[in-house]
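Colleague: Got a minute to go through this one with me? I'd like to start with the cysteines and then wander around a bit.

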Amino acid sequence: MSKRTRSEELKALNSVVAAAVKNFKPPEDLTVTEWAEKYRRLSPENSAEAGPWRTSRTPYLREIMDAFTDPKIRRLVVVASSQVGKSEMELNMLGYLIDIDPGPVLFILPTVDVAQDFSKRRISAMIRDCKRLREKVADAKSRDGNNTVLKKQFPGGMLTITGANSPAALASIPARYVFGDERDRWPLSAGAEGDPWGLAEARTTTFYNSKMVEVSTPTIKGASAIEASFELGTRERWCHQCPGCGEFHNIVFNDIKFDFETNKINGKKVYKVKSVWWQCPSCGYTATESTIKKQPAKWIAENPDAYHQGIRSFWINGFSSPWMSWDRIVLRFLQAKDDPHKLKVVYNTIFGELWEDRGDLEDEDAFLARREEYPAELPDGVLVLTCGVDTQDNRLEYEVVGHGHYGETWGIKKGFIMGRPDNPEVWEKLDEIIDKTYRFKDGKGLKISLTCVDSGGHYTQEVYEACRERQAKRVFAIKGKGGDGVPYVSPPTKVPIRENKKVTCWLYTIGVDAGKSLIMSSLKVQEPGPKYCHFPKGEDRGYDALFFNGLLSERLVLKRTRGGRERWMWEKIPGHNRNEALDCRNYAMAAFRILNPDLEAVEKRLAGVQEKPKQTQIQKPMQQPKKKRPDFFDDW
């Protein structure tokens, strides 16, 4: 080949390369935030601020959106109240992946009907108003069968929009990206296929670079799927800096203070919010909404190590929203505060908080306010006394409870005895409580008829020994057992003490869940009479705020087992760290059930009527014949 020919070829090749370089457009290296600010337009039918996207309006969304483009993150969890921009955040992520990093997408909403509505109103509007997306996604009205309301094809991927109640879609479509919107409103099972989120997650297993996004407003504590997912992640909350002390705090309703006035118009309450401010929980500094929203703010993680597992989780509420003023939030609270159903909506959708469902049970302050002045140690109406004892490693806690007709009860004495349960002096002090005669105003008195002592914990054998020594005083060991269908009281069994089969102790099994349900049901009764719970005033009685905090420490929640089944379970309420008061009351109520007394006979005896009371089942076995003694409670 001649030199001239070679030169001409090189010149032609250089010309081709130059043209290719001139026309080459490399893929844009953008974050979701950068993409949205460059290309996204908010649709007028879905936004009060239609036009170009501005992250400055919702600065808390920047880090969430950019976590989507972090290659180390495989799962994003966002718990958010309404009107904080969470749907637009999801749409920004969706638009970014269609345009910049395509792949098969599964977008799941609670039901197929909701999915169709969301696709028509939100997704289609975004595609229509964003030129970059409009060029890549055909209109659903076209003849292209791959572009419908629930399916949208684009170069490099396919968007499938479906409901969590559609098992066929969840179980058959491979997906690199999965979006789960309003997770707490999903059904527990997709038909007969099981957990919808688990089905969706299985669709991503073949993609090394998969991403899953869970978004929801919170619902009920303990039954919230988004709460469980949040706990797995970094647990980040949006915190503002206090102008006073410089500490960063999440703005929550408990720290919001306000003044308001109430008027009545046509017999209905009308509220007017006069002023609202925030009080720093660290230093007590007070600041207005405008001041706080101008302060520096950032995400603070409670569990930063979860980042290395590829899970980031965020929690944001309405107090940081640019569209929800604090005055408006407080007004919504005032309008809903007398209706538990409306109040739940406010807690979930505005406060961004889980609802702690106590039914119609009052709070601690209400029970403190309803305490009574007893005329004596024992008020009229008390016919029998029982005692419940909870064992801890460094003390015994007890409550003496009075019982009357039809389930009416009176708290008599709540206290504790410091010392380890293996110390005889601790039990001697309990004897003083058990042996004491508690007096009515007329001087007549009652002793405790039966005592139940918890044998759980680290001192089981010591409890057995102490109860065996006090069997004549009707002091019995009990063992609590939870679960549905467990009876409140089962017949007692003999258990050996320290593996000595000849030395035994009577042990009752107590259905603690049944007992808690009975107690909570009684606490809801508002008028003295059947099932009503009375509590006394007086510092020496022990019925203070700490007692009621413990008595109201648990609530019944619906949980899902690993098999996907629903089960009602008792769990502690946040802020109620001690439940000994509830346990003591439970054991004292169980003692009354074991005793099964003849209350009419007791009432006649206390009234001075000369009639021998009928013996109860508990009394017969207490006889001690001189010959070989029969087993205690043989007649059970």
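**Cysteines, a cavity and a few odd residues**

Modeller: Sure. There are zero disulfides in the structure, and keep in mind that this is a predicted model.

Colleague: What about cysteine 452, how far away is the nearest cysteine sulfur?

Modeller: The nearest one belongs to cysteine 467, and it sits 8.9 Å away, with cysteine 452 in no disulfide. A pair has to be within 2.5 Å to count, so 8.9 Å doesn't qualify.

Colleague: And cysteine 467, which cysteine sulfur is nearest to that one?

Modeller: That would be the sulfur of cysteine 505, at 5.4 Å, and cysteine 467 is in no disulfide either.

Colleague: Are those two buried or exposed, cysteine 452 and cysteine 467?

Modeller: Cysteine 452 is buried, at 0% relative accessible area. Cysteine 467 counts as buried too, with 2% relative accessibility.

Colleague: OK, zooming out. How many helices and strands does the protein have?

Modeller: You get 19 helices and 27 strands. The protein has 636 residues, and 48% of them are buried.

Colleague: What share of the contacts with a separation of 6 or more comes from residues 24 or more positions apart?

Modeller: Those pairs make up 69% of them.

Colleague: And the surface, how much does the protein expose?

Modeller: About 31700 Å², of which carbon and sulfur atoms supply 49%.

Colleague: Switching to holes. How many cavities of 30 Å³ or more turn up?

Modeller: A search of the whole structure gives one. The largest cavity holds about 60 Å³ of space.

Colleague: Which residues line the largest cavity?

Modeller: Its lining consists of Gly407, Thr409, Leu518, Ile519, Ser522, Lys531, Cys533, Arg585 and Met589. By class, that's four nonpolar, three polar and two charged residues.

Colleague: Which helices supply at least two residues of that lining?

Modeller: Helix H16, residues 512-523, and helix H18, residues 580-595. H16 gives the most, with three residues.

Colleague: Now the backbone. What is phi at arginine 235?

Modeller: It's near 55 degrees, so a positive value in a residue that isn't glycine. Most residues other than glycine have a negative phi.

Colleague: Where is arginine 235 found?

Modeller: In the loop between helix H9 (225-232) and strand E9 (236-241). Arginine 235 counts as buried, at 19% relative accessibility. The cut-off for buried is under 20%, so 19% still makes it.

Colleague: What about arginine 474, what's phi there?

Modeller: About 60 degrees, again positive although arginine 474 is not a glycine. Arginine 474 lies in the loop between helix H15 (460-469) and strand E22 (475-481), and it is buried with a relative accessible area of 16%.

Colleague: Last one, tryptophan 570. Which strand is it found in?

Modeller: Strand E27, which covers residues 566-572. Tryptophan 570 counts as buried, at 16% relative accessibility.

Colleague: What does tryptophan 570 touch, leaving out residues up to four places away in sequence?

Modeller: Asp513, Lys516, Ser517, Met520, Glu554, Arg555 and Leu556.

Colleague: And how far is its C-alpha from that of glycine 483?

Modeller: The C-alpha atoms of tryptophan 570 and glycine 483 are separated by 9.2 Å, with their positions 87 residues apart along the chain.

Note on methods
Residues are numbered from 1 along each chain as its sequence is written. This is a predicted model: local features need pLDDT of at least 70, side-chain atom pairs count only at pLDDT 80 or more; totals for chains, interfaces and linings use all residues. Side-chain values use heavy atoms; hydrogens and water are left out. Helices (H or I, at least four residues) and strands (E, at least two) are DSSP runs, numbered from the N terminus. Buried means under 20% relative accessible area, exposed over 50%, partly exposed in between (1.4 Å probe, protein chains only). Contact means heavy atoms within 4.5 Å. Accessible areas come from the Shrake-Rupley method with a 1.4 Å probe; for residues, only the protein chains shown count as cover. On a 1 Å grid over the protein atoms alone, a cavity is a set of points where a 1.4 Å probe fits but cannot get out, and a pocket is an open set with protein on both sides within 12 Å along at least five of seven lines; lining residues have an atom within 4 Å of a point. Grid points are joined across faces, edges and corners, and a volume is the space filled by probe spheres set on the points. Ala, Val, Leu, Ile, Met, Phe, Trp, Tyr, Cys and Pro count as nonpolar, Asp, Glu, Lys and Arg as charged, and the others, Gly among them, as polar.
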